Amino acid sequence: MLDDEKKPLVQVKNLKMHFPIYRGILKRQVGAVKAVDGISFDVFEGETLGLVGESGCGKSTVGRCVLRLYEVTEGSIDIDGTNIATLSGAELRAKRPQMQMIFQDPQASLNPRMTVGSIISEPLDEHKNMSKDEKREKVGELMDAVGLARRFADRYPHEFSGGQRQRIGIARALALNPKFIVCDEPIAALDVSIQAQVVNLLEDLQEKFGLTYLFISHDLSMVRHLATRVAVMYLGRLVELGDSETLYMTPKHPYTQALLSAVPHPDPAQAGNIDRVILEGDVPSPANPPPGCTFSTRCPRAQPICKQDSPEWTEIGEGHFAACHFIE
Amino acid sequence: MTLKYLVAGTLGAAMLSSTAFGAAHEAQGRDGNVNIIFWQAASTMNPYLSGGTKDINAASMALEPLAHYDENGAMVATLVDEIPTVANGGVSEDLTSITWTLSEGITWSDGTPLTSADVVFTANYCMDETGGCQQLAKFGGVTSVEAIDDLTVKITFDGPKPFPYGPFVGSTTPILQAAQFANCMGTAAPTCTDQNFGPIGTGPFTVTEFRANDAISLAANPNYRVAGKPAFATVNFKGGGDAAAAGRSALETGEFDYAWNLQLAPEVLADMESAGIGTVLTSYGPLVERLMINMTNPSADLGDERSTVAHPHPFMSDMAVRQALSMAIDRPLLVEIGYGKAGKVTCNVLPSPAIYNSPNNAGCEVQDIAGANALLDAAGWEMGSDGVRAKDGVRLSILYQTSTNAVRQDFQALIKQWWAEIGIETELKNISGGVFFGGDQSSPDTFQKLFADLEMYANNFDGTDPEAYMRNWSCAEIPSPENAWLGGNMPRHCNADYDALVAEMGGTADINERARLAIAMNDMLMQSYTIIPLVHRGNVSGIANTLEGVKLNAWDAELWNIADWSRAE
Amino acid sequence: MLNFTLRRLVFTVPTLLLISFIIFLILDLAPNDPTGNLPLTIPPEVRANIRASLGLDDPMYWRYILWCQQFFVNEPLNLLNQWFGWCVGDCENRLRVTSWATRSPVVDLIAERMPQTLWVVGMSYVVGILIALPIGVISAYKQYSWFDQAGTFVAMIGFSVPTFFTGVLLIVIFSVWMPNDSVFWLPSIYDTTHKVTDWGSFVFQMRQMVMPVMVLALYNAAQISRFMRASMLDNLSQDYVRTARAKGLKEKTVLLVHVLRNSMIPVVTVIALGIPQVFGGAIITEQIFKVNGLGQLLIIGIEGADIPLVQTLTFLFAVLIVMFNLVADVLYGLLDPRIRYD
């Protein structure tokens, strides 16, 4: 399935993002929330890598780290051959046009006091040396591209519907012709009827502009539809990564299996036949993850070894990785 | 050679003469500006519309009465050549009229002459029923004020007035210019803002800017009647703030030359004064903190006859006891603790004005515990085993009451201790001022009822004339259930000789004769120890060391002699 | 917006009339006597005479109507006369609202006080805002840094330590301890009669303003900087700030263009709502430094039971408060595109 000629646009190695916890009068650091704890993956040019997991597993943090919206604790992030994890302010800003993000909440992520036109054109002011008319034309083109009427350019974000706002967010992200876009749950806040429109728009744009997506979502069906490959995350770590079809048909990791078994089946008649894996207990706190395999506390197949040793990230098939002691 | 000496000699003489006479002929306004702070700001320059001390002081710089009271309470002629008396014919023999004659050549600050018409106008201005004049009481008993000629004014009263110096003596009743205030009579009085804020006067200064309740700028009056005065060209009369800030500005920062009425704790004032920039001066009016002995029996067993003349006091009626009480008190210590610079020891209940101050009672300054003990021993009061003297079953146990006030409670505690040393037991009581001085008929705790063996408070009188004040201790003034406890004779002092002196004073006009009578009355009270004076209380003001000529005055406006002020070298 | 403003303006008329009546009622019920401060030696019959001359014997409703007529009709007519020379009716003997203590028109007293109040209290408000905004911005941006902690501490001090303490402290340091010839010596008493005519007198004016302005500015800055900080923190955590960073904007642009502009919306309205207090004067600070502005005028009026003065001043304050509430609402509408009143 995987095209061998494809080269990775983004290479993430051993990424860690620990948020310190301060307590007491003197605000001493007493620990850290290990939101992302050593993950590695590649995103190939032109593909869509889906990143799925439960709420709070750290997938949004990964997205933000990959674009250096957080100062990462450890690891490297190579985008187009440059490690942006260590870039200084000015160099990083110069790199920004190549990588953009579409946010989950289209309302909150748009400055309420700026008109749509200025929101979209602001990156142009910052990074491109364009005349006023050129900018106006570019904004118009972008609005056309995302399906917004040009006359809306002078309106404020609150005057739009959720779907329209997300289109503004997308237009804004596209303004600088990026190669790589992180879509952080871009449809989670939208009505179901609108979700499909936005997803289709994203697909069209990918085709048109040759974009590479990191698509973060908890909506497994949407990811299956959109993603080339899918990575599954649990408590700050990747548990499985593989080609979309393979992963959905033959999930190897017990967590992936449990996750997929929870997806509602489109055919209610067959829904009863599915062998659902029900996970017991709550997700442990990332501030104090269990020793060994982080999934061991809830894993139906857990053995004593799981509580001691962290399983290796191993390639179990072609381009198919998983971290579990008991993968046949 | 000769010529040279001659020239040198003449030059020297000229220089000598210029220095010698220079002081007398120096120009008006040579000392620049003087800064005065009154922490209560003046709201008008017309004392007839505001009786506040601050307003009267402000006005006194521009407006003048016919005569002032000096720092000793004696009258000094201001706009007249002499004070009218019976002796010089100015006061009629029957004491029903007084005739003032203005000095010649006095002009208003606008250059027009001062005439008797101005005096007549001022009287009519205040006596107009609809004007709400605040000094109306000064014109009590006046039936007419008429101009005899341009410079002579006759004031007629409705009966004999042995002290006819109410109108136009002192800064509360200065002369207004008839021409300026002609349209301000009666109900029109409040509409004359320009006149009230900038009255034309005969005084040493004229108003250049009046900012109500804030600051007043004044400049020397070019038409002032005394050549070379005032020494200051301008006055900045600032108001606002509080006594502490005013004191600080004159005594510590040196921003102001004169700070009025510094009612501050003695140690605070002493601390400010220690900066060495200014001095605290005190002026003494007639306010005396005193003990009033109850000559009648306050025992609750007597019911309605409690504290009435029907029952003499079981032991206070013994003069030895009263005298011992007085001897045991250390007055200098009381002054130091309670009032500092704002008080002094007095042995008279009438310590001022100076001419009324009796010289006959000196000696109370020194505490004499041994003497007091000896006196009580001699009188037969024997020390009991409990440290309290007694005679014939009567113990010297006293209830001592006063109003609630930190200084008074300090005094009570000290005095109780001293009296314990002479074998007198004291029970202390303090009553809220509102009740104590309130005169409520239903309350047993008023100072008139005096349901105690003695009480302490301060009292004084208005003006300089003590006649009404001394009348307080005549038999007729004793408070009792019959007169609804009205009257000022708290000790229930009753003496036919005293009453005779009171009557004599009511018919005597000569000021020296009046003084003799007042002193005799004072001595009678002091030497019978019916009233035991403690502290003569005064007003304090802060004066910069560079300011000369200030004579603090309790009888007139404090700024009464601002024309004589000057800057020290 | 215009309709909204006009509608609100129309509603203020009955509101203010009601307020004026309530103020009058309260003042009338207060146990206060304009002759109460006179020396005890003035006898009761003279006092009764004074009260009668002030019109206190008239019934309450009649005095209220009289005040309304003087304030709402005579005073505006008088202003027309003074400003433009237009004369309507009897210009010479028109009865104006007159203070009982000074026997002069209340409006003239207020006009006389206005300059020093605006100079000192107004300047302190401006200085306070200028101090508060950067402190609030930096405190929020560097939350929990030493700067933020220091800012919090200073704001706490400024807010909780009363001005009568800070004022006297400054006086003791700069007027008492400091030698009089030092350049750092500052006058403790404000000279209201001082006129600025040249550079020297301007410097003197500045020197005498330093202490009262700083005392009040500290107090104002404490409040506003906390508002600014809170508002900045609110906005800093918003998604649009992340968007702005993702756009690759300079940090300065992110902070000043995106965060600050949005954070200023509530702060500007708070500042607008505080302006009536400027006109109200700072009663305590004015007393300490003897600035004798509107605050001191009000206090003297209250102490002396000068009812026409107190009534007029409090009513003018009520007008200012009502007006600036409206201004704040309109400003909010202008600044925040999400808010529309029509």
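Good morning. I shall begin with the second largest pocket of this predicted model, a pocket with a volume of about 1300 Å³. Its lining comprises 47 residues, and those closest to the centre of the pocket are B:Pro190, B:Thr191, C:Leu95, C:Arg96 and C:Thr98.

Which elements supply at least two residues of this lining? From chain B there is helix H5, residues 193-197. From chain C there are four helices: H2 (44-53), H3 (60-84), H4 (106-141) and H12 (307-335). Helix H3 of chain C gives the largest share, namely seven residues. Sorted by class, the lining of the second largest pocket holds 19 polar, 18 nonpolar and 10 charged residues.

Let us now turn to the contacts between chains. Two pairs of chains are in contact, and chains B and C share the most contacts. Chain A and chain B, by contrast, have no contact with each other; their closest C-alpha atoms are 42 Å apart.

I take chains B and C first. Here 40 residues of chain B meet 38 residues of chain C. How large is the area buried between chain B and chain C? For a first-year audience, I should say that the size of an interface is often expressed as the accessible area lost when the parts come together. Between chain B and chain C this area is about 3200 Å², and carbon and sulfur atoms give 52% of it. Three residues, B:Gln134, B:Arg211 and B:Asn213, supply 18% of the area that chain B buries against chain C, which is more than any other three residues.

What polar features do we find across this interface? There is one salt bridge between chain B and chain C. In it, the side chains of B:Glu209 and C:Lys195 come together, with 3.3 Å from N to O. In addition, 17 residue pairs are in polar contact across the interface of chains B and C, both residues of each pair being at pLDDT 80 or more. On the side of chain B that touches chain C, the elements giving two or more residues are H5, strand E7 (205-211), strand E8 (215-220), strand E9 (234-239) and helix H6 (243-251). That side of chain B divides into 18 polar, 13 nonpolar and nine charged residues.

The second interface joins chain C and chain A. It takes 20 residues from chain C and 25 residues from chain A. The two chains bury about 2200 Å² between them, with 56% of that area on carbon and sulfur atoms. Two salt bridges cross the interface of chain C and chain A. A salt bridge links the side chains of A:Glu122 and C:Lys247, at 2.9 Å from N to O. The polar contacts between chain C and chain A number 15 residue pairs, again with both residues at pLDDT 80 or more. Helix H8 (239-246) and helix H9 (251-280) of chain C are the elements that give two or more residues to the side of chain C that touches chain A. By class, that side has seven nonpolar, six polar and seven charged residues.

Over all chains, the count of salt bridges comes to 42. Consider A:Arg64 and A:Asp184, whose closest N and O atoms are 3.9 Å apart in a salt bridge. A:Arg64 lies in helix H1 and A:Asp184 in strand E7 of chain A, so this pair ties together parts that are 120 residues apart in sequence.

Finally, the cavities. The whole structure has six cavities of 30 Å³ or more, and the largest cavity has a volume of about 70 Å³. Residues lining the largest cavity include A:His253, A:Cys293, A:Phe295 and A:Arg301. In class, this lining has seven nonpolar, three polar and one charged residues. Thank you.

Note on methods:
Residues are numbered from 1 along each chain as its sequence is written. Chains are lettered from A and ligands numbered from 1 in the order in which they are written. Side-chain values use heavy atoms; hydrogens and water are left out. On a 1 Å grid over the protein atoms alone, a cavity is a set of points where a 1.4 Å probe fits but cannot get out, and a pocket is an open set with protein on both sides within 12 Å along at least five of seven lines; lining residues have an atom within 4 Å of a point. Grid points are joined across faces, edges and corners, and a volume is the space filled by probe spheres set on the points. Ala, Val, Leu, Ile, Met, Phe, Trp, Tyr, Cys and Pro count as nonpolar, Asp, Glu, Lys and Arg as charged, and the others, Gly among them, as polar. Contact means heavy atoms within 4.5 Å. Buried area is the accessible area (1.4 Å probe) that two parts lose on being put together, summed over both. A salt bridge is a side-chain nitrogen of Lys or Arg within 4 Å of a carboxyl oxygen of Asp or Glu. A polar contact is a pair of N or O atoms within 3.5 Å; within protein, one must be able to donate a hydrogen and the other to accept it, and residues adjacent in sequence count only if both atoms are side-chain atoms.
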